[in-house]
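Hello,

Here is the structure I said I would pass on. My notes on it follow below.

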Amino acid sequence: MDSRSIIKELESEIEKAKLDVAAEETGRVLSLKDGVVRMSGLAPAGALELLEIRTKKGPVSALALNIEAEEVGGVVLGEYRYASEGDEVVPTGQILSVPVSRAFRGRVVNALGEPIDGKGPIKAEQRNPLEKLAPGVVVRESVKEPLSTGLTAIDAMIPIGRGQRELIIGDRQTGKTAIAIDAILNQKDGDVTCIYVAIGQKMSKVRRMVAEFEERGAMEHTVVVVAAASDPAPLWFLAPYAGCAIGEYFMEKGEDSLVIYDDLTKHAWAWRQVALLLERPPAREAYPGDIFYLHSRLLERAAKMSQEHGGGSLTALPIIETQAGDISAYIPTNVISITDGQIFLEGELFFQGIRPAISVGLSVSRVGSSAQTKAMKKVAGKLRLELAQFRELATFAQFAQDLDEATKKQIERGKRLTELLKQNVFEPLPLGKQIAMLYAGTEGLLDDVSVEDIGKWKKEFLEYLERQQSKLLGEIDEKKELDENLEGELKKAVENFRQLI
């Protein structure tokens with residue numbers, strides 16, 4: 001055989017190969033269950049690649065998750081009921097991303113970044129990928145700047161810093177979402193953009209929350225990402241990543257952002273449903289083996305960037321629901337090990353009327369006083385220890401008849417501090433008022449006020465400060481430090497108020 005015939009034969013084989021590859025580039029829908037789709041062909045498709053299903057009612061997007069020898073498994077993004085077996089599937093060569101821009105503030109969007117509030121389209125500056133590697137240690141700096149929630153119990157004892165991951169955990173109906181909402185309301189007129197991600201919640205609840213934000217002027221700095229209870233499981237799975245991608249846009253601009261995932265228990269349920277339908281092998285409690293990685297790759301994207309890399313931050317407040325206060329269950333322990341501390345809400349305290357129902361013993365911030373102002377450190381230094389000792393002594397005192405004077409005094413002080421830290425929902429307090437209130441409590445200036453009157457005293461004292469000591473509050477807010485002069489003025493203000501009542 002001469003060289004020409006060999007070349008012709010090779011060219012013929014190449015053409016046949018091209019035809020075979022072209023046939024494999026497109027695929028067909030083999031089966032469809034609850035938004036999870038199995039497809040044939042699609043040889044060049046990669047994991048997390050966007051696919052286009054060509055249905056009779058127009059194209060529908062899908063996301064490739066399982067890349068197998070003969071099939072590709074994925075999830076349909078959007079209305080999966082339009083797709084049916086036999087529909088053609090085409091790879092797009094694109095990774096799933098969401099549009100991002102400053103125009104998202106004040107809007108309600110779905111898990112794909114599409115507006116659902118009826119206010120028209122949102123002009124996007126760019127698209128951010130939903131999946132992204134977390135910033136490395138070299139580009140980060142330590143968390144040292146406070147992110148005030150306006151809740152005195154948290155800002156004093158379990159401080160949250162910008163760039164931190166702080167878990168909010170507790171049973172159903174113990175005030176977890178209320179803490180997150182207060183944190184958002186407290187950023188009004190500040191420099192933090194908030195992203196609230198609602199996973200598996202009723203739209204009626206989300207509408208009430210948005211109305212609350214709008215009424216209190218907080219919606220201007222907030223983005224609400226919704227995967228409603230009526231949405232398919234794949235959108236529940238994607239919603240937190242969409243919220244994180246929007247938050248990263250502001251972090252990359254050198255700004256501060258706060259993202260709240262409400263809640264990651266439902267997120268884990270959704271991923272379990274998707275994984276089982278994709279026939280991935282189940283592990284503990286039927287969750288897939290990568291359930292830890294699912295949450296770690298989301299939460300580790302929260303960071304405080306160094307000044308050389310913009311100095312922006314992304315703070316994450318994930319929420320986890322427990323059953324009967326069991327924080328040793330599978331998903332709670334997973335997320336606790338990923339985060340930098342947890343705020344544990346006890347049902348027993350909640351039903352006793354202690355709101356927020358924070359367990360001092362089980363709650364912790366691993367950033368600690370690094371994320372507090374000097375003024376807060378000064379007045380709150382003894383608070384956590386005194387409350388923890390009070391809880392222990394109060395339990396012991398139920399069974400003891402004779403108590404020494406020091407123990408009685410400690411129990412009485414603890415009762416007053418507990419009352420002082422009670423706070424109504426949607427009423428965050430600025431730093432100045434928190435400092436003034438805690439100073440009076442920890443310095444023993446309330447020891448002669450009856451426990452029943454602490455709530456009334458607190459309300460009237462804060463009104464007095466706002467009415468007659470606004471300059472003092474402004475100086476504390478501005479300096480964020482309680483020097484000798486300010487401390488003297490504060491003590492004088494408390495004494496003056498005591499004389500008025």
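In these notes Ala, Val, Leu, Ile, Met, Phe, Trp, Tyr, Cys and Pro count as nonpolar, Asp, Glu, Lys and Arg as charged, and the others, Gly among them, as polar. This is a predicted model, where local features need pLDDT of at least 70 and side-chain atom pairs pLDDT 80 or more, while totals for chains, interfaces and linings use all residues. Residues are numbered from 1 along each chain as its sequence is written, and side-chain values use heavy atoms, without hydrogens and water.

The largest pocket (an open set of points on a 1 Å grid over the protein atoms alone, where a 1.4 Å probe fits, with protein on both sides within 12 Å along at least five of seven lines) is lined by 33 residues. Lining residues have an atom within 4 Å of a point. Nearest the centre of the largest pocket are Gln173, Gly175, Thr177, Ala178 and Lys205. By class, its lining has 12 nonpolar, 9 polar and 12 charged residues. The largest share, 6 residues, comes from α3; helices here are DSSP runs of H or I with at least four residues, and strands are runs of E with at least two.

Gln201 sits in the loop between β11 (192-199) and α4. Why does Gln201 count as buried? Because its relative accessibility is 6%, and buried means under 20% relative accessible area (1.4 Å probe, protein chains only). Gln201 is in contact (heavy atoms within 4.5 Å) with residues including Val206, Met209 and Asp262.

Regards

Key: Buried means under 20% relative accessible area, exposed over 50%, partly exposed in between (1.4 Å probe, protein chains only). Lists of a residue's contacts leave out its neighbours within four places in sequence.
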